[in-house]
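I opened this notebook to record what I looked up in the structure. My entries begin at the surface and then turn to the interior.

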Amino acid sequence: MNTQSKSHISRTIQDYLVITIGLLCYSLGWVLFLLPYEIATGGTSGICAIIEYSTGFEMQWSYLILNAVLLVIGVIVLGPKIGLKTLYGIGMVTLLMDVLRIWMADANGQLPQLLGPGQDFMACLWGAGFLGFGMGLIFVRNGSTGGTDIIALIVNKYKNISLGQMMMVCDVVIISSCYFLFHDWKRVLFGFTVLFVMGFVIDHIINRSKQSVQFFIFSKKYAEVADAIATKADRGVTLLEGQGWYSKQSIKVILVVAREDRSVEVFRQVKDTDPEAFISLSNVEGVYGKGFEPIKIK
C-alpha cells in the first residue's frame with residue numbers, strides 16, 4: 001500500500017470518527033433536552049418530533065422512514081461518497097437515539113426532565129447548542145444527518161451560501177406550521193429559538209474549521225526551511241524575491257498558506273530548522289483553489 005492510499009484511509013477514518021462524535025452530540029441534544037420538554041424545531045427531525053408528541057410514535061423510527069426518500073436524492077446529486085456518509089448518519093442517529101432512550105427512560109418509559117419542571121427555555125438553549133455543535137462537526141467532514149441537511153448541502157455545493165442560513169430558510173415553514181397543529185405560540189417561539197441558536201453554532205464551527213492563515217518567513221536557511229515545510233508539514237511553499245531596505249541585500253521570503261489547525265506544524269518545522277527565523281503570521285478572510293475552498297460565485 002502506497003503513502004497516498006494510507007493517507008486516504010487515515011482521512012476516511014478521521015472523517016467517520018468526527019462524524020460519529022457529531023451524531024452523538026446531535027442525539028444527546030434531542031434525548032436529553034428537546035424531547036423531554038416537547039420542543040420541536042425544523043427539518044425532518046422537527047416533523048418527527050411533532051409526530052411523537054401527537055401520536056406517541058417514537059421519533060427515531062419516523063426519522064428513519066422520512067429520510068429514506070431524501071437519501072436517494074442526496075446520492076443522485078451529491079454523489080455516492082456523501083450518500084454513504086449520510087446513510088451512516090441516518091442509521092447512527094436512529095441507533096443512538098434508541099439506545100439513549102432505553103438508557104435514560106424511567107420505569108414508565110418516559111424521558112426525564114433533567115433540568116427540572118418549567119425549565120423549557122434552558123432546555124431549548126442546551127438542546128440547540130448540542131444539535132448545532134454536532135451538526136457543525138458532521139458538516140465539516142462532509143457528512144449529514146439527512147433531511148433538510150441534504151437540501152442545504154446541495155445548495156451549498158453550487159452557491160456560496162452558508163449551511164446554517166440555508167437550513168434556516170428551509171426550516172422556517174416547518175416551525176411556523178406547528179401553530180396550526182398545536183395552537184400554542186410557545187412551541188413556535190421555542191422552535192425558532194432552537195433554529196437560530198443551532199444555525200449560529202453551525203456557522204461558527206464550520207467557519208472556524210475553514211479559517212486559514214498566511215505565513216511570511218524570513219530566514220537565511222530559506223532552502224532548508226522551505227524543504228522542511230513542504231516535506232514534513234506537507235504544505236505548499238512559494239519563494240518570493242525581496243530586498244532589505246537598510247542592508248540593500250537580496251533576500252528570499254517564504255510564503256505559506258495553511259489551515260489554522262496546521263499552523264502549529266509549520267511553526268514547528270521553522271523552529272527546528274532555523275530558530276532565528278523571523279515569521280509574520282496573519283489570518284486571511286478566504287482561500288480558494290486547489291487544497292482549499294472551491295471557487296463559488298453568488
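Entry 1, surface patch. I looked for nonpolar side chains on the surface and found a patch formed by Leu114, Leu115, Phe121, Met122 and Trp126. Together these residues have about 470 Å² of accessible area. I note that the model is predicted.

Entry 2, Phe121. I took one member of the patch and located Phe121 in helix α5, which covers residues 120-140. Is Phe121 buried or exposed? Phe121 is partly exposed, because its relative accessible area of 44% falls between the limits of 20% and 50%.

Entry 3, whole chain. I counted 11 helices and four strands. Of the 298 residues, 44% are buried. The accessible surface of the chain is about 16,300 Å², and carbon and sulfur atoms hold 63% of that area. I also checked contacts with a separation of 6 or more: 71% of them join residues 24 or more positions apart.

Entry 4, main core. The largest nonpolar core contains 44 residues. Leu23, Tyr26, Trp30, Leu35, Ile39, Met59 and Met97 have the most contacts inside this core. Two or more residues each come from α1 (3-34), α2 (43-55), α3 (59-78), α4 (80-104), α5 and α9 (185-209). Helix α1 gives the largest share, nine residues.

Entry 5, Leu35. I listed the contacts of Leu35, leaving aside neighbours within four places in sequence. Leu35 touches Trp30, Ala49, Glu52, Tyr53, Met59, Met97, Arg101 and Leu111.

Entry 6, another core. Apart from the largest core I found another, of 12 residues, including Ile217, Val256, Val270 and Ala277.

Terms used:
Residues are numbered from 1 along each chain as its sequence is written. This is a predicted model: local features need pLDDT of at least 70, side-chain atom pairs count only at pLDDT 80 or more; totals for chains, interfaces and linings use all residues. Side-chain values use heavy atoms; hydrogens and water are left out. Buried means under 20% relative accessible area, exposed over 50%, partly exposed in between (1.4 Å probe, protein chains only). Contact means heavy atoms within 4.5 Å. Accessible areas come from the Shrake-Rupley method with a 1.4 Å probe; for residues, only the protein chains shown count as cover. Patches are made of residues with over 30% relative accessible area and no salt bridge: like charges are joined within 9 Å, nonpolar side chains (Val, Leu, Ile, Met, Phe, Trp, Tyr) within 5 Å. A salt bridge is a side-chain nitrogen of Lys or Arg within 4 Å of a carboxyl oxygen of Asp or Glu. A nonpolar core is a set of buried Ala, Val, Leu, Ile, Met, Phe, Trp, Tyr and Cys residues joined through side-chain atoms within 4.5 Å.
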